[in-house]
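Q: Could you walk me through the sheet and one of its residues, giving the grounds for each term as we go?

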Amino acid sequence: MLNDHGFGQDSRRAPADSAVTELGGTRVLEIAAQSSHDFLDAAFAAYARRQVFAISRPDTSLRGMVGSVERLELPERPRLGWGHPSHEPSDATDAAQIVFTSGTEGPPKAIVLSHRNLADVVERLNAIMELTGEVREYVGVPVTYSFGLGRARAVAAVGGQIYLPERFDPAEIGRMLARGEINAASAVPSLWRLVLANRDAIGAAGSQMRWIEIGSQYMSGPDKSAMRELFPNARIVQHYGLTEASRSTFLDVSRAPEMLLDSVGRAAGSVALKIAQDGAVHIRGDHIALGRLGPGGTVVPLTEGEGWLATRDRGEIREDHLWYLGRLDDQINLAGIKVGAEMIERAVAEIVPAAAGRIAAAALSDPARGEVVLLAYEEDTAQLAPVIEAAARTVLARRGIEAPGALRVMAVDALPRTGTDKIRRAALPALWEEIQGDAVATDVTPGADLTDDEARVAAVWQRVLGPVPLSPESSYYDAGGDSLSSVQIGLVMEAERWSRKSVRATLEGRTIGEIAGLEGVVPFSEEPLGADPATAAPAHASDTLPDRTVRNWSVSIARGVMALSVLVSHWGPGLFGALGVGDFVERWFSTIYRAGTPGFAAVFGIGVGFYMLPDFAARREGIFRRMATSFRLVATGLVLLAFIDLLNGYMAGEQIGTRRFANAFYGVLAYYAFILGTARYWLPALAALRDPRIVLVPLVPAFWIAWQGSAVILPGDQFDILEIARLMAGQGGYNVFKMTMVAAAGAAIGYWIARQDDTRALSGTLLLGGGSAAALCFLAMGQVGGFDNLGDRDSMAFTSVPGLMFYVAAAATLIGGGMRILPYWERLSHAVRLPLKFLVVAGSLALPIYVLHQLVIPGRNLLLHAGLPNLPALALAMSLFLTAMGYAGRRLWRMYFG
């Protein structure tokens, strides 16, 4: 049968439940639940003599359901290792076994299976796996549960051998494969993920695996793809089913196209499927259990008309394959929006792969909302708790659920699971109530949900920062704001006519609660400018800057110094030469002249480490949004600069060939365009590390070696259109290796700064450590290039390792100085505050300054070719730049200070 609602074989045999209607007078053998060969021997003996048996567990009982129970005790010490059981499936329709459901959604139910039910599964399973008597299988799941016992029946039916381990061990599997002792294995996805996390334990021996079965839990497409890479010669089969309908579908993972790997396969043999109107999966076939065992031994059929079993699983049928979408029972209703618990778990695991299998979601009753999401994580992943919570909020936000109170998070020693490692979600709310008084993380910070005024502040911030979680105690900088985004938030709030007090309070790092409580909501454009910004009324009752603001402004000050040094480096020689002091300044201030490129790379890296790497998962969208804005600015400047350069060359009569075209795009902006344009690849990888410095610090010498090596590897002759690639790969002064070496060192320092708690102690460390490092680097520069040559900006000392690291140390020292001064903001004189304010604003505009100033000289040259004299051409080009920066700076000054 195949139509819009179902697929599979048209099986219309008489329902199997017609063979048995009650077991009230039946004597049932009860075998202790012990995963051992003794248990398998007892079970296979019962199958052979047609005696109904059940597996005894503490939470199950047949009392009042069957005539009598004979309990079989097994040896206290389980017999593990190798076994060679024998089993001949039977097509008899009488009862063979009573099994209990896993209890994931409540008390276990007793299900009656016939010999025919079991034989149908073995027949279909061995057909899809092409199992032979050569199989020697490592059974990695307890054989006392449906999955494991089903594996034992399948292997025994073909005359194979079974290995039962003391515990599932990837290293043991690898050793046994290498020695040729096993050629098959079966386990649930959580155990296979353990194997994938320890691939070295398998190594090349993975090619010896011939058969694998996966079941009982969801497994992602990428994990399945990784499985077939690790075991390239194995027939890998995943099954989907229930206790009542074991192995209803099979997915041949080893042969399926990538697009079908997220499915759970298709029906085979007697099995048919269809999807009901509510999305529930319905199953029919010879494997459907006889029924549920009730009081007095009655067997209540599980099927409806025409033999269909209605499950509580949601699914879709696409490309003749079933796609499992979670349990209908797991739906969480948040104010009318329904989300699936399994969907939340999967989506969070996609954002935080280390959380896969270590988190569980469930519905929690809430008097205000009806239901909220309860997310539990295992205690040994506590270091990921903030990231897991932020990821969960992001997942909910994608579904339109952004209220802070919609999520509750708790830590548990271990997630409640069944014997087959399925999560018992129904147990989570009780655990929540039990540990309510203990360490439970509910919202991002303690406190109630946002008020209407606070929500209005949060909403405008999130327009720039993305869907980051916010609380009344959050400041703009706590939420991930940086100097560039401060420009954006100021413009956004101004456009929406927020009061100047609110804008200034935002940029000062005041909390949402403080900003929401400001009085006098006067439109921004209607507030009068104070005659003296130094005497302007503070946005808050105290003019003392919050700690986070001190740190952010200190970084901005360092960035401002480096941005201004770029202007001095590019424009200073002409200006000082005109004043007759060019040689003097060149000799004594070359170190400042040279700060532009390496200094800006250093503060760029510090910004990445300080603003972006910490809590990246929680701020991912906002970070990428700001990186994209920066990329557009740099790319626009790069294209304009190349266009003006090519136009100048054309007007000067140059031949514009492919090499000239490529050279026009080469420059420092090409580096920043490259690094910003590729941020979506390298930034998440760095942020995923427990401590990014373990990669950043080694990158410094690694990139220096690559830079030096490129001179040997790359050809000295110029290319044509690929010339820019040759230059960026090491032959040019703005090459990727050199620039990233400096930026990586800065990022390591920025990340370290972000992780320190005591700002005063931090400032002392930066001043002492940065100053000492700068002094040592300066001395090393003198040794490399000679102290007499430090007055020459072209000295090799400036491009040596100590020369480049000097500017990283100088940037750290500047930040330390800012952190030492800014806590005393309210005590500083106007004469001291004024240059600091100027540097804060310059730091916020550092990237636009860095990009746009480079258009000035090429723009002047273009005007010269158009016929303007030198001085007017230079004045016009420079005035355009200064006017644009002056306008933007004035806007920012007003936003920040008055």
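Q: How do you know that strand S16 pairs with S17, and which way do they run?
A: Happy to explain! This is a predicted model, in which local features need pLDDT of at least 70, side-chain atom pairs count only at pLDDT 80 or more, and totals for chains, interfaces and linings use all residues. Residues are numbered from 1 along each chain as its sequence is written, and side-chain values use heavy atoms, leaving out hydrogens and water. Two strands (DSSP E runs of at least two residues, numbered from the N terminus) pair if DSSP finds at least two bridges between them. Strand S16 (residues 291-293) and S17 are joined by 2 bridges, so they pair, and they run antiparallel. In S17, Val 299 is the bridge partner of Leu 293.

Q: What makes strand S4 and strand S17 the edge strands?
A: The open sheet has 7 strands in the order S4-S2-S3-S6-S7-S16-S17, with mixed pairing. Strand S4 (68-72) and strand S17 (299-300) each pair on one side only.

Q: Why is Ser 56 called buried?
A: Buried means under 20% relative accessible area (1.4 Å probe, protein chains only), exposed over 50%, and partly exposed in between. Ser 56 has 12%, so the residue counts as buried. Ser 56 lies in strand S3.

Q: What makes the link between the side chains of Ser 56 and Arg 71 a polar contact?
A: The term needs a pair of N or O atoms within 3.5 Å; within protein, one must be able to donate a hydrogen and the other to accept it, and residues adjacent in sequence count only if both atoms are side-chain atoms. The side chains of Ser 56 and Arg 71 are joined at 2.5 Å, so the distance fits.

Key:
Helices (H or I, at least four residues) and strands (E, at least two) are DSSP runs, numbered from the N terminus.
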